[in-house]
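Reader: I would like to learn how to read a fold from its coordinates. Where should we begin?

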Amino acid sequence: MHSVIVMNAKGGCGKTTVATNLASYFANKGYGTSLFDFDPQGSSSRWLRERPEQHAHIHGIEAFRQPPAGMTRSWQMRLPQDTDFLVIDTPAGFSGYDFEDRVAKADIILVPVLPSSIDMHSTADFVRDLLLLGKVRSLNKQVGIIANRIRSRTESEHKLERFLDKLDIPVVARLRDTQNYVRAAERGLGVHELDQRDLAQDIAAWDQINNWVEQIDQQRIITGMPEARFATSSW
Ligand SMILES: Nc1ncnc2c1ncn2[C@@H]1O[C@H](COP(=O)(O)OP(=O)(O)O)[C@@H](O)[C@H]1O
Ligand SMILES: [Mg+2]
């Protein structure tokens with residue numbers, strides 16, 4: 001099983017968009033997929049409630065809630081046995097013990113970033129803090145950037161590219177700024193599930209993210225690198 005955590009200290013950079021699109025992408029490939037929502041705003045849980053039944057199933061857990069009386073946290077966080085991919089959505093400013101604990105458990109960390117100077121600065125700080133966490137280094141976590149809401153050939157795009165060059169972290173994909181994401185979000189879908197013609201560019205970006213994840217999997221097999229396994233079927 002693989003776990004992909006989507007995080008950035010900044011709000012509005014696309015964490016929920018990346019988490020929900022990734023979950024629906026994996027579910028469509030036939031993988032058992034679970035989506036954990038650590039954000040008290042509950043946006044990805046809401047997205048999942050909107051998801052039409054005929055679309056590939058995603059198991060959702062509102063991890064931001066305390067378990068009800070009589071239920072343990074690990075019971076609340078248990079995963080279906082057939083889970084191949086776990087996608088974790090997090091709130092802005094996710095910090096403290098929970099942050100380190102969750103980072104330690106995830107295999108892959110995806111960091112969405114917007115092409116604005118405020119977002120780039122706070123992402124640089126966030127990535128620096130992330131890489132300083134002992135567990136990110138010692139457990140060989142894979143960290144990737146998703147450049148989000150890109151408008152080609154704009155000044156802000158050029159600034160973002162210069163920023164990304166300096167970051168020294170792989171840029172896994174560039175998602176364009178399009179209402180397709182807003183439309184999909186409202187309906188509990190991923191962009192690739194929209195019934196439209198103009199999706200080729202958007203789908204290509206998700207294929208890239210998938211290829212990156214698969215390539216990490218291959219490396220892991222070749223180098224004997226362990227994936228984060230859990231003692232129980234709970235996360
Ligand atoms: N690539 C994109 N193109 C257009 N709108 C986007 C894109 N990514 C995110 N959005 C929109 O921006 C807003 C914030 O995104 P969201 O994923 O909720 O951010 P976060 O979870 O980091 O707070 C949402 O309304 C979302 O639909
Ligand atoms: Mg969110």
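Author: Begin with one pairing of strands. This is a predicted model, and in it strand 1 and strand 4 (residues 85-89) run parallel, joined by 5 bridges. One facing pair is Ile5 and Ile88 in strand 4.

Reader: With which strand does strand 1 pair over 3 bridges, and in which sense?

Author: That partner is strand 5, and the pairing is parallel. Here Val6 has Leu110 of strand 5 as its bridge partner.

Reader: How do I read the two faces of a strand?

Author: In a regular strand, side chains point alternately to one face of the sheet and the other. In strand 1, His2, Val4 and Val6 lie on one side, Ser3 and Ile5 on the other, and all of them are buried. Because 5 of the 5 residues of strand 1 are buried, the strand is largely enclosed by the rest of the structure.

Reader: In what order do the strands of the sheet lie?

Author: The order is 3-2-4-1-5-6-7, in an open sheet of 7 strands with parallel pairing. Strand 3 (59-61) and strand 7 (171-176) are at the edges with a single partner strand each, so each has one side without a neighbour in the sheet. On average, neighbouring strands are turned by 20° against each other, direction ignored.

Reader: What joins strand 3 to strand 2?

Author: Strand 2 (residues 33-37) runs parallel to strand 3, with 3 bridges between them. Within this pairing, Leu35 is opposite Gly60 in strand 3.

Reader: Which strands does helix 9 touch?

Author: Helix 9 (residues 200-223) packs on the sheet and touches strand 1 (2-6), strand 5 (108-113), strand 6 and strand 7. The direction of helix 9 makes about 165° with that of strand 7.

Reader: How do I judge the chain as a whole?

Author: Count the elements, then check the overall dimensions. The protein chain has 9 helices and 7 strands. Its radius of gyration is 17 Å, close to the 18 Å that the globule rule gives for 235 residues, so the chain is as compact as a globular protein of that length. Of the 235 residues, 38% count as buried. Among contacts between residues at least 6 apart in sequence, 78% join residues at least 24 apart.

Reader: Which residues come nearest to ligand 1?

Author: Of the 16 residues around ligand 1, the nearest are Gly14, Lys15, Thr16, Thr17 and Tyr181. By class, this shell has 5 nonpolar, 8 polar and 3 charged residues. Helix 1 (15-28), strand 6 (142-150) and helix 8 (179-186) each supply at least two residues of the shell.

Technical notes: Residues numbered from 1 in each chain as written. Chains lettered and ligands numbered in written order. Predicted model: local features only at pLDDT ≥ 70, side-chain atom pairs only at ≥ 80, totals over all residues. Near = placed C-beta within 6 Å. Helix = DSSP H or I, 4+ residues; strand = E, 2+ residues; numbered from the N terminus. Nonpolar A, V, L, I, M, F, W, Y, C, P; charged D, E, K, R; others polar. Rg over C-alpha atoms; globule rule 2.2 N^0.38 Å. Buried ≥ 20, exposed ≤ 12 C-beta atoms within 10 Å, placed from the backbone. Contact = placed C-beta atoms within 7 Å. Pairing = 2+ DSSP bridges. Axes fitted to C-alpha atoms, helices over the stretch in contact; angles between N-to-C directions.
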